[in-house]
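Q: Before any label is accepted for this model, could we go through the reasoning behind each one?

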Amino acid sequence: MQLWMDGALVGASEQAVSPIAHALHYGTGVFEGIRAYETAQGPAIFRLDEHLARLGRGAETLGMAVDLGLMRAGCLETLAASGLQAAYLRPLVFYETGGLGLDVAGLKVRHLVVALPWKNHLGEGEQRGVRVRTSSFRRNSAKALPPLKLCGAYVNSVLAKLEATRAGFEEALFVDGRGFVVECTGENVFLVKHGKLTAVESADALPGITRATVIDLTGAEIRPVSLAELRDADEIFLTGTSAEITPVGTLDDRKLAVGPLTKDLQARYASLVRGKSETSRGWLTHLSGVSV
Ligand code: PMP
């Protein structure tokens, strides 16, 4: 693991965070999950600037002044120092010291980037199809917690994931009070019916960058989808930086095959992120900082 904090590379043992860090107690931070892939020109970060922009929106929501240029340099520096050809980058900005009250004005902000080796967190599910269970938990309403990568918001995902794994499943699907699909704990949802691809739309779902990539590549239609409609799909897959394109093999009591459209997209995505096809959109940032 390579670590960067507040502008400089640091050893893991050198870094201390206060036990009364505001974020530790209240979840007052915002993070990103970014991947770098091995390309013919060395490691490159996929859609770095879109991830940084989302980090910036989260920071702004928390009233935090964050220098995104510094965070960008931090991502590149950390990846380079890690020596990894493919990595997961975890930028995090959080409130640390200055008080334990709920007024965050004037609190110290810490900036962190970690680079780690990574595999899809859904494991073999990426090939065989992941086992998904509809959650009894509701997703955070956008009116209560905006769908951004705010640290505290992820307690909601943790509870849903726990419920699903305790029941022998691997992932949880959030459905809203009207019976419409929202998202999974860390992925957006797509379905295929009669060869037509649809991206599930929900105000409570995180605007995923992988989802936007798939929509861009395929021209998928974007609309709200009920759980009943999803259950009737020919193919279902999940998208996320970590999950990439992960097929759903089981949804509650329904079994689904990994379908041709999902397989085709998996292959397209795998070659896109490694700069083997459909390049020149500025989506790959090399260690030099230049995006191609
Ligand atoms: N929804 C949630 C709740 C997530 O945490 C993630 C992962 N960032 C996603 C969807 C997928 O977003 P992205 O494609 O930007 O990684």
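A: A residue is called buried under 20% relative accessible area and exposed over 50%, with partly exposed in between. The model is a predicted one.

Q: Why is Tyr26 called partly exposed?
A: Tyr26 has a relative accessibility of 39%, and since partly exposed lies between the limits of 20% and 50%, Tyr26 counts as partly exposed. Tyr26 is placed in helix 1, which spans residues 22–26.

Q: What makes Tyr26 eligible for a nonpolar patch on the surface?
A: A patch residue needs over 30% relative accessible area, and the 39% of Tyr26 therefore meets that cut-off. Tyr26 forms the patch with Ile20, Leu100 and Leu102, and together they have about 410 Å² of accessible area.

Q: Why is Glu235 called buried?
A: The relative accessible area of Glu235 is 6%, and because buried means under 20%, Glu235 is buried. Glu235 lies in strand 14 (residues 235–240), and among the residues that it touches, leaving aside those up to four places away in sequence, are Phe190, Leu256 and Thr262.

Q: How do you know that a polar contact joins the side chains of Glu235 and Thr262?
A: The contact between these side chains is 2.6 Å, and the cut-off for a pair of N or O atoms is 3.5 Å, so the pair qualifies as a polar contact.

Q: Which strand gives the most to the largest nonpolar core, and how many residues does that core have?
A: The largest nonpolar core has 38 residues, and those with the most contacts inside it include Val30, Ile45 and Met64. Strand 6 gives the most to this core, with 6 residues.

Methods. Residues numbered from 1 in each chain as written. Predicted model: local features only at pLDDT ≥ 70, side-chain atom pairs only at ≥ 80, totals over all residues. Heavy atoms only, no water. Patch = residues over 30% accessible without salt bridge, like charges linked within 9 Å, V, L, I, M, F, W, Y side chains within 5 Å. Areas by Shrake-Rupley, 256 points an atom, 1.4 Å probe, with all protein chains shown as cover. Salt bridge = Lys/Arg side-chain N within 4 Å of Asp/Glu carboxyl O. Helix = DSSP H or I, 4+ residues; strand = E, 2+ residues; numbered from the N terminus. Buried < 20%, exposed > 50% of the residue type's maximum accessible area, 1.4 Å probe, protein only. Contact = heavy atoms within 4.5 Å. Polar contact = N/O pair within 3.5 Å; in protein donor to acceptor, adjacent residues only side chain to side chain. Core = buried A, V, L, I, M, F, W, Y, C linked by side-chain atoms within 4.5 Å.
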